[in-house]
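Please open the model in your viewer with the whole chain displayed, and keep the selection tool at hand. The tour goes from the overall fold to single helices and one residue.

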Amino acid sequence: MKTEIFTDGACRGNPGPGGWGAILRYGHTEKRLNGSAADTTNNRMELLAAIEALAALTRPSQVQLTTDSKYVQDGITKWVAKWKLNGWETSNKQVVKNKDLWERLDRLAMIHTVDWHWVKGHSGHKDNELADQLANAAIDKMMDER
């Protein structure tokens with residue numbers, strides 16, 4: 001049986017305060033995770049959602065991970081291999097943006113067997129909407145604690 005993961009990141013301003021949310025589901029068991037950062041970008045939060053969700057798995061797993069971020073999906077399935085061959089530089093010889101997070105995501109993705117899926121954000125997909133709510137709740141909590 002596969003573990004289903006749904007992730008989303010949110011940012012109020014870009015950069016600005018941000019949050020991430022993830023839902024992990026295995027059979028009838030569900031776990032919800034979220035977190036925040038005071039000064040970040042949407043792309044960093046999208047990456048962190050996938051990283052934290054995969055890091056929460058306690059053993060190598062078969063995973064179906066659904067994100068509304070083409071940046072995350074394309075990055076991990078199309079770009080990372082070339083970036084690694086090029087010493088984490090783009091074709092323009094620039095250091096890959098968010099290299100620290102891409103390296104973490106790449107390491108975690110190698111532990112698990114991950115099928116990466118994309119869904120259009122804010123399109124009514126129940127689990128993507130819930131991940132978005134978790135991300136925004138993390139921002140709200142951080143802002144309230146200030």
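Two residues are said to be in contact when heavy atoms of theirs lie within 4.5 Å, and this is the sense in which packing is meant at the stops below. The model is a predicted one.

Begin with the whole chain in cartoon view, where the secondary structure comes to 4 helices and 5 strands, and follow the elements from the N terminus in the order β-β-β-α-β-α-α-β-α. The C-alpha atoms fill a box of roughly 40 × 40 × 30 Å along the principal axes. A compact globule of 146 residues would have a radius of gyration near 15 Å, and the protein agrees with this because its own value is 15 Å. Of the 146 residues, 47% count as buried, and among contacts between residues at least 6 apart in sequence, 67% join residues at least 24 apart.

Now switch to a surface: the protein exposes about 7,800 Å², of which carbon and sulfur atoms supply 49%. If you colour by charge, you will find 20 positive and 19 negative side chains, with the centres of the two sets 5 Å apart.

Next, select residues 99-111, which form helix α3. Its end C-alpha atoms are 19 Å apart, which agrees with the 18 Å that 13 residues should span at 1.5 Å a residue. Show the side chains of Leu-101, Trp-102, Leu-105, Asp-106, Leu-108 and Ala-109, which are buried in α3. Which elements do the buried residues of α3 pack against? Adding α1 (42-55), α2 (70-85) and β5 (113-118) to the display shows the partners of these buried residues.

From there, move to Leu-47, which is found in helix α1 and counts as buried because its relative accessibility is 0%. Leaving aside neighbours within four places in sequence, Leu-47 is in contact with Tyr-71, Val-72, Asn-98, Leu-101, Trp-102 and Leu-105. A distance label between the C-alpha atoms of Leu-47 and Ala-109, which are 62 residues apart along the chain, should read 12 Å.

Finally, select helix α4 (residues 126-144), whose 19 residues reach 27 Å from the first C-alpha to the last, close to the 27 Å expected at 1.5 Å a residue. The buried residues of α4 include Leu-130, Leu-134, Ile-139 and Met-142, and also Asp-127, Asn-128 and Asp-132. To see what the buried residues of α4 pack against, display β1 (3-11), β2 (16-26) and β3 (29-40).

Key: Residues are numbered from 1 along each chain as its sequence is written. This is a predicted model: local features need pLDDT of at least 70, side-chain atom pairs count only at pLDDT 80 or more; totals for chains, interfaces and linings use all residues. Side-chain values use heavy atoms; hydrogens and water are left out. Helices (H or I, at least four residues) and strands (E, at least two) are DSSP runs, numbered from the N terminus. The expected span of a helix is 1.5 Å times one less than its number of residues. Buried means under 20% relative accessible area, exposed over 50%, partly exposed in between (1.4 Å probe, protein chains only). The radius of gyration is taken over C-alpha atoms; the globule rule is 2.2 Å times the number of residues to the power 0.38. Accessible areas come from the Shrake-Rupley method with a 1.4 Å probe; for residues, only the protein chains shown count as cover. Lys and Arg count as positive and Asp and Glu as negative; His and the chain ends are not counted. The place of a charge is taken as NZ of Lys, CZ of Arg, CG of Asp or CD of Glu.
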